[in-house]
Amino acid sequence: MLPEALQALKAHFGGNLSTAPAVLDAHGHDESRIDHHLPDAVLFVSSEQDVLDALALARQHHFPIVPFAVGSSLEGQIIPVQGGLSLDLSGLNRVLSIEPGGFQATVEPGVTYPELNRQARRHGLFWAVDPGAEASLGGMASTNASGTGAVRYGTTRDNILEMRVALADGRVIRVGSRARKTSAGYDLKNLFIGAEGTLGIITGLTVRLWPLPAEVVVLRCTFATIREAAECAVLIMGAALQPERLELIDEHEIHAVNRYLKRDYPERPTLWIELAAPSRAALEDSLNVCRELCQDAGAQDIHTALTPEERSAIWEARHKAYTAMGALHPGHAQLSTDACVPLHKLPEVLDFTRQRCEQRGLTASFVGHVGDGNFHVLFQAAPDDAATWQAIHTTYDEMMGLTLQVGGTCTGEHGVGLHKKKYVAQEHADTLDLMRDIKGLLDPQNLLNPGKIF
């Protein structure tokens with residue numbers, strides 16, 4: 001950013017603009033901790049007009065703008081690799097309205113999903129997409145995040161009705177509809193969801209809410225191998241039980257969770273299965289079918305969590321698995337990734353990846369939203385262990401190669417950012433030029449989050 005650009009920003013925004021070293025540093029990395037690039041300045045916006053004014057100055061002085069909210073991304077989406085302005089939207093954090101009869105809420109992009117759930121709960125409603133971290137709704141839309149609830153309720157894309165988006169040329173457009181369905185014109189809403197701030201900046205969202213389930217239970221089932229657990233997940237989905245959540249966590253992650261949270265879960269590959277129903281009788285029917293399927297699939301131990309406290313403890317363990325693995329290996333660098341495959345291919349791809357990790361002696365652990373074929377691998381090694389990191393990246397490449405070969409995608413929910421650009425080029429080789437054309441049409445000066453996706 002040229003000095004005159006910085007001066008223009010200071011003159012316009014005053015104290016809302018910061019160049020303090022600690023603030024720049026906080027906006028120079030995400031939760032992956034792999035890349036670190038400082039912005040030239042950070043602007044804490046308080047209105048949609050602030051966003052438009054920042055875009056006007058960016059066009060005039062030709063500096064990049066990178067949207068930022070809570071910094072919970074894992075693929076480098078918020079890292080300002082070309083410097084410029086980090087546009088901090090976390091101050092746009094109001095829930096503007098909740099419409100219980102329409103099962104929807106209108107929010108600013110900096111609202112976190114736990115905060116929306118706190119306000120929606122009094123209406124008997126909730127936002128169903130749960131990525132674990134206290135992510136913002138705008139950030140979740142930008143990466144099309146999902147999480148533990150996606151198997152039942154879909155991803156962020158499936159739960160956004162309408163958005164306001166500020167374009168690079170200064171226009172604000174409304175995309176989507178507050179109606180539950182629409183067939184009017186091109187589907188521009190979904191063009192911006194998952195675009196990671198490269199096509200426009202989200203300034204408002206109307207999202208879908210769901211009724212809180214009446215009766216809920218969680219099963220914890222252990223298996224001899226990760227492949228058996230994945231095969232059981234396929235059986236459960238085929239039985240039309242429609243679980244609320246269906247999660248796999250391997251024995252390494254269970255061991256870390258036991259140490260970190262002082263638990264005593266059996267340290268074997270485990271499925272956590274949440275079922276819900278409108279009545280206790282209906283829930284018992286589903287529970288009995290699920291137990292039988294797990295037993296037929298080779299479950300070694302089946303535990304039922306009925307109380308809210310027990311269920312909460314299980315999902316706390318799932319959400320803190322990443323942190324627990326880091327605590328188990330202090331000083332290690334981590335590489336967390338995700339892939340998503342057709343459900344019937346999940347056991348094959350998981351088993352293949354686990355075997356490659358074991359053959360190379362890698363420290364790697366697996367978790368997954370296995371009901372929709374989405375899984376995560378967390379690789380770890382000492383930062384200066386070049387040979388091990390070479391083996392990690394070789395394994396990563398092989399895993400992605402098989403994922404694409406069986407018809408999967410290089411990311412089910414993390415997004416592309418900086419770290420998956422080469423896999424997107426492989427997955428979408430026939431449409432990459434078209435994506436670039438769309439980027440050039442909406443952002444001809446390449447000011448919006450440059451260096452990401454392509």
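1. Salt bridges first. This is a predicted model, and a search of the whole structure turns up 25 salt bridges. Side chains of opposite charge can pair when their charged atoms come close. Three of the pairs are worth a look in the viewer, and the next points take them in turn.

2. Start with Glu108 and Arg94, whose side chains form a salt bridge with an N to O distance of 2.8 Å. Both partners sit in loops: Glu108 in the one between β6 (104–107) and α4 (113–120), Arg94 in the one between β4 (85–88) and β5 (95–99). The pair links distant parts of the chain, 14 residues apart. Glu108 counts as buried because its relative accessibility is 8%, below the 20% cut-off.

3. Next, Asp250 and Arg354, again a salt bridge, at 2.8 Å from N to O. Asp250 is in the loop between β13 (245–249) and α9 (251–261), while Arg354 belongs to helix α13 (residues 346–359), so this bridge ties together parts 104 residues apart in sequence. Neither end is out in the open: Asp250 has 0% relative accessibility and counts as buried, and Arg354, with a relative accessible area of 8%, is buried too. If you display the surroundings, include Glu251 and Glu358, since these two are linked with Asp250 and Arg354 in a network of salt bridges.

4. The third pair is Asp338 with Lys420, where the side chains meet in a salt bridge at 2.8 Å, N to O. Here a strand is joined to a loop: Asp338 is in β16 (residues 333–340), and Lys420 is in the loop between α14 (386–405) and α15 (421–427). The two are 82 residues apart, and the pair links distant parts of the chain. Both Asp338 and Lys420 are buried.

5. On helix packing, have a look at α8 (residues 226–238) against α10 (residues 280–296). Their axes are 9 Å apart and the packing angle is about 145°; the crossing is right-handed. On the α8 side the contact is made by Cys232, Leu235 and Ile236, and on the α10 side by Cys290, Leu293 and Cys294. By class, that gives six nonpolar residues, with no polar and no charged ones.

6. A word on the annotation. UniProt, in an unreviewed entry, marks residues 35–212 as "domain: FAD-binding PCMH-type". In the model this span is 21% helix and 25% strand, and its end C-alpha atoms lie 39 Å apart.

7. Thr155 deserves a glance. The residue is in the loop between α6 (150–153) and β8 (160–166). With a relative accessible area of 18%, Thr155 is buried, the cut-off being under 20%. Leaving aside neighbours within four places in sequence, Thr155 is in contact with Val129, Asn144, Ala145 and Ser146.

8. Is Val370 buried or exposed? Val370 sits in the loop between β17 (363–369) and β18 (374–381), and at 0% relative accessibility it counts as buried. Not counting residues up to four places away in sequence, Val370 touches Ala233, Leu246, Glu247, Leu248, Leu271, Leu343 and Leu346. Of these contacts, take Leu248: the C-alpha atoms of Val370 and Leu248 are 6.2 Å apart in space, with their positions 122 residues apart in sequence.

9. Met399 is in helix α14 and counts as buried, at 1% relative accessibility. Apart from neighbours within four places in sequence, Met399 is in contact with Thr337, Phe352, Thr353, Phe375 and Val377. There is also a distance to Arg354 from point 3: the C-alpha atoms of Met399 and Arg354 are separated by 9.6 Å, and the two residues are 45 apart along the chain.

10. Finally, some backbone geometry to check. Most residues other than glycine have a negative phi. Arg33 is not a glycine, yet has a positive phi of about 60°. Arg33 lies in the loop between α2 (21–26) and β2 (41–44) and counts as exposed, at 57% relative accessibility. Asn446 also has a positive phi, about 55°, without being a glycine. Asn446 is found in the segment after α16 (432–442) and is partly exposed, with a relative accessible area of 37%.

Terms used
Residues numbered from 1 in each chain as written. Predicted model: local features only at pLDDT ≥ 70, side-chain atom pairs only at ≥ 80, totals over all residues. Heavy atoms only, no water. Salt bridge = Lys/Arg side-chain N within 4 Å of Asp/Glu carboxyl O. Helix = DSSP H or I, 4+ residues; strand = E, 2+ residues; numbered from the N terminus. Buried < 20%, exposed > 50% of the residue type's maximum accessible area, 1.4 Å probe, protein only. Axes fitted to C-alpha atoms, helices over the stretch in contact; angles between N-to-C directions. Left-handed = near helix turned anticlockwise from the far one by under 90°. Contact = heavy atoms within 4.5 Å. Nonpolar A, V, L, I, M, F, W, Y, C, P; charged D, E, K, R; others polar. UniProt positions renumbered as here; feature names shortened; annotations may be inferred.
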